[in-house]
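Biologist: I should be grateful for a close look at one part of this model, namely the surface patch and the helix that carries its central member. Please then set that part against the rest of the chain, so that I may follow it on the display.

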Amino acid sequence: KGRGNSTWKGAKRPYQIKLDKKTAIAQLTRYYKGKAFLPKAFKSQNHIAEIQGVYVPFWLYDAKADARGRYEGQNSESHREGDYMVTTTQHYDVRREGSADFAKVPVDGSSKMPNTHMDAIEPFDYGDLKPFSTAYLPGYLADRYDEDADACAERAYRRMYNSTADALHATTGGYSEIHPISENINVDMTHAHYALLPVWMLHTRWKEKDFLFAMNGQTGRLVGELPCSKPKLAIASVLFFVIGFILSQILFMGEYAFDPDYLTFDIEGILINIIAPLIIVIIGDVLLVGQLKTANEAAHADEYCGELDLTEKHDTFSHTET
C-alpha cells in the first residue's frame with residue numbers, strides 16, 4: 001500500500017482500437033481549424049511523416065483518500081457611521097473530514113511516450129476493457145512498459161492528492177474568506193492494474209521542425225503543439241491593446257474618456273492608459289496561444305473519483321471583531 005507498493009497486481013487487458021488511420025488523419029485536419037495564430041502556410045506545407053497505431057502500456061491505480069482540515073471562516077459586513085467606515089467580521093472555527101475513492105487513475109508506463117500527450121488524451125472508456133489477446137495486435141505496435149508501477153505511482157498520487165484537497169476546500173463555502181489552519185490528506189494506493197490502451201501517434205514536419213500529435217484510439221480526442229505565427233501575434237497584440245485602451249477609458253474616465261486634456265501619465269494615468277490595456281493584451285494572447293498547445297500534464301484526477309464523503313462537518317462561531 002501507499003506509494004511504495006512493490007506487489008502490484010493486474011493482468012494485461014488491452015483495448016481494441018476502434019478508430020482507424022483515416023480517422024486520425026481527418027482529426028488532425030480538423031484540429032488545425034479555428035487556430036487564429038497558426039501560420040497559414042502550415043496547413044498546406046505541413047506533411048505527415050509518420051502515423052502509427054500503438055497499444056501504449058498504462059498503469060491504472062485504485063486508491064482511497066482520507067482528508068481532514070481545520071480552517072478559519074470569516075464573514076464581514078461594512079457600514080458608515082459619520083466619518084467612519086465600520087467593518088464587523090464574524091469568525092468561525094471550520095472543521096471538515098471525509099474520504100474519497102479513486103478508480104483506475106491512468107499513468108503511462110513507457111518512457112518513450114510524452115507524459116503531456118498521454119495525460120491530455122484522457123479519458124478512456126474502461127467499460128470496453130477486453131481480455132488480452134494477440135488477435136488485436138496485427139497492424140499495430142504493442143509497446144511494453146519500461147517504467148514499473150512503483151516508478152509511475154508518484155504521478156497518480158499527486159493527481160489524487162490535488163483532487164482530494166480541492167474537494168475538501170469546496171465544502172467550506174458560505175464564507176467571504178476562508179483561511180487554512182491545518183490540513184492532513186492521506187492517499188492509500190491499494191491496487192494497480194496493467195492495461196494496453198489504444199493511441200494513434202502522428203509525426204508531422206514543417207520547416208525542418210518535427211511536431212508530435214497523439215489521438216485517443218477510442219474517442220478521437222487529439223492533442224499536440226502547433227507553431228505560432230509571430231506576425232499574427234504582433235497584429236493581435238496591437239489590436240488587443242487598442243481595445244483595452246478604449247475600454248479602460250470608457251470604464252474609468254466616463255464622459256472625459258477621449259478628452260486629450262485628461263490624458264495624464266501620473267500613477268493613476270499610467271494604470272488607466274497603459275497597465276489596463278496591457279492586461280487585455282496578455283489575456284488575449286495567452287488564450288489564443290493556448291489553442292496551439294493542448295498537450296499538458298494532468299494535475300488532477302477528478303473524473304476517476306466520486307464525491308467526497310464527508311464524515312465530519314462542524315462550523316462553530318468563535319468571536320466578532322469590529
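Modeller: Ile279 has a relative accessibility of 43% and therefore counts as partly exposed, since this class lies between the 20% limit for buried and the 50% limit for exposed residues. The model is a predicted one, and the values below are computed from it. Ile279 belongs to helix H6, which covers residues 267-290. Together with Ile274, Ile275, Leu278, Ile283 and Leu287, Ile279 forms a nonpolar patch on the surface. The accessible area of these residues together is about 500 Å².

For the setting of this patch, the whole chain is a useful frame. The accessible surface of the protein chain is about 17,600 Å², and carbon and sulfur atoms account for 55% of that surface. Of its 322 residues, 41% are buried. The chain holds 6 helices and 7 strands, and from the N terminus the order of elements is α-α-β-β-α-β-α-β-β-β-α-α-β. Among contacts with a separation of 6 or more, 84% are between residues 24 or more positions apart.

The interior offers a counterpart to the patch. The largest nonpolar core has 49 residues, and those touching the most other members are Tyr61, Phe102, Met118, Met160, Val187, Met189 and Val199. Two or more residues of this core come from each of strand E1 (47-81), strand E2 (84-108), H3, helix H4 (149-170) and E4. E1 supplies the largest share, with 11 residues. Another core, of 21 residues, lies apart from it; Leu28, Tyr31, Trp200 and Phe213 are among its members.

Polar residues are also found in the interior. Arg96, in strand E2, has a relative accessibility of 2% and so counts as buried. Its side chain reaches the backbone oxygen of Thr171 at 3.0 Å, and a polar atom of the Arg96 side chain lies 3.5 Å from the backbone oxygen of His314. Beyond residues up to four places away in sequence, Arg96 touches Ala67, Arg68, Gly69, Leu168, Thr171, Thr172, Leu310, Glu312, Lys313, His314 and Asp315. Gln74 is a further example: this residue of strand E1 has a relative accessible area of 13% and is therefore buried. Outside its neighbours within four places in sequence, Gln74 is in contact with Thr89, Gln90, His91, Tyr175, Ser176, Glu177 and His179.

Two loops deserve inspection for their backbone. Lys207 lies in the loop between strand E4 (177-206) and strand E5 (209-216), and Glu208 is found in that loop between E4 and E5 as well. Phi is positive at both positions, near 50° for Lys207 and near 65° for Glu208, although neither residue is glycine. Lys207, at 60% relative accessibility, is exposed, and Glu208 is likewise exposed, at 65%. In the loop between helix H3 (115-120) and strand E3 (141-142) one finds Pro123. A cis peptide bond, with omega about 5°, joins Glu122 to this proline.

To return to the part you asked about, Ile279 is a partly exposed residue of helix H6, and it shares its nonpolar surface patch with Ile274, Ile275, Leu278, Ile283 and Leu287.

Conventions: Residues numbered from 1 in each chain as written. Predicted model: local features only at pLDDT ≥ 70, side-chain atom pairs only at ≥ 80, totals over all residues. Heavy atoms only, no water. Helix = DSSP H or I, 4+ residues; strand = E, 2+ residues; numbered from the N terminus. Buried < 20%, exposed > 50% of the residue type's maximum accessible area, 1.4 Å probe, protein only. Core = buried A, V, L, I, M, F, W, Y, C linked by side-chain atoms within 4.5 Å. Contact = heavy atoms within 4.5 Å. Areas by Shrake-Rupley, 256 points an atom, 1.4 Å probe, with all protein chains shown as cover. Patch = residues over 30% accessible without salt bridge, like charges linked within 9 Å, V, L, I, M, F, W, Y side chains within 5 Å. Salt bridge = Lys/Arg side-chain N within 4 Å of Asp/Glu carboxyl O. Polar contact = N/O pair within 3.5 Å; in protein donor to acceptor, adjacent residues only side chain to side chain.
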